[in-house]
Amino acid sequence: MDATSKVIPIEIAQQIANQIDQAHGTPMVEARIYGLLADAGYTAEEIGPMTRVHWARVLLNRLALRKLSADAQAMVDHGALSGDSGYHIAQLGPEGQAGMLARIRNGEFATDNDLQCAALDIQGDEEAAIPA
């Protein structure tokens with residue numbers, strides 16, 4: 001998409017991006033703002049400089065959080081789930097996400113790394129179940 005086909009002019013897009021700092025943005029706030037900008041026609045490569053974040057983090061980590069269930073998004077909003085762990089859970093289907101949230105609530109993970117490894121295992125199982 002070129003600059004003339006953006007839904008929001010760059011000046012307003014920058015003001016929107018600045019809201020992350022003003023709101024002391026959680027990973028979910030970042031995801032929502034990045035998503036708003038992406039939906040307005042901006043690429044991760046364009047959003048990155050606006051937010052002073054590397055484009056890969058915008059694309060891979062934060063925009064992925066929009067795929068989380070509402071329950072999981074609320075957990076990220078409240079700090080019960082880190083943005084990085086949320087990214088791993090966002091890679092799962094609805095059943096996998098629900099199962100992981102139940103395990104988190106049950107206190108099954110001692111560390112974020114344990115949680116992320118479990119999510120990767122489930123993701124592998126989900127991908128293996130897809131017919132070739």
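Helices here are DSSP runs of type H or I with at least four residues, and they are numbered from the N terminus. Read in that way, this predicted model contains 8 helices and 0 strands, and the order of elements from the N terminus onward is α-α-α-α-α-α-α-α. The C-alpha trace spans about 45 × 40 × 20 Å along its principal axes. Among contacts between residues at least 6 apart in sequence, 58% link residues at least 24 apart.

Of the 132 residues in the chain, 39% count as buried. In soluble globular proteins, nonpolar side chains tend to be buried together. In this chain the largest nonpolar core holds 19 residues, and those with the most contacts inside it are Leu-68, Leu-81, Ile-89, Met-100, Ile-104, Phe-109 and Leu-115. Two or more residues of this core come from each of helix 2 (27–39), helix 5 (70–77), helix 6 (83–90), helix 7 (94–105) and helix 8 (112–128), with helix 8 giving the largest share, 4 residues.

Ile-89 offers a way into this core: leaving aside residues up to four places away in sequence, Ile-89 touches Leu-68, Leu-81, Gln-97, Met-100, Ile-104, Leu-115 and Ala-119. A second core, separate from the one just described, has 15 residues, including Ile-8, Ala-13, Val-58 and Leu-63.

Turning to the surface, the chain exposes about 7,300 Å², of which carbon and sulfur atoms supply 56%. As for charge, the chain carries 9 positive and 18 negative side chains, and the centres of these two sets lie 4 Å apart.

How values were computed: Residues are numbered from 1 along each chain as its sequence is written. This is a predicted model: local features need pLDDT of at least 70, side-chain atom pairs count only at pLDDT 80 or more; totals for chains, interfaces and linings use all residues. Side-chain values use heavy atoms; hydrogens and water are left out. Buried means under 20% relative accessible area, exposed over 50%, partly exposed in between (1.4 Å probe, protein chains only). Contact means heavy atoms within 4.5 Å. Accessible areas come from the Shrake-Rupley method with a 1.4 Å probe; for residues, only the protein chains shown count as cover. Lys and Arg count as positive and Asp and Glu as negative; His and the chain ends are not counted. The place of a charge is taken as NZ of Lys, CZ of Arg, CG of Asp or CD of Glu. A nonpolar core is a set of buried Ala, Val, Leu, Ile, Met, Phe, Trp, Tyr and Cys residues joined through side-chain atoms within 4.5 Å.
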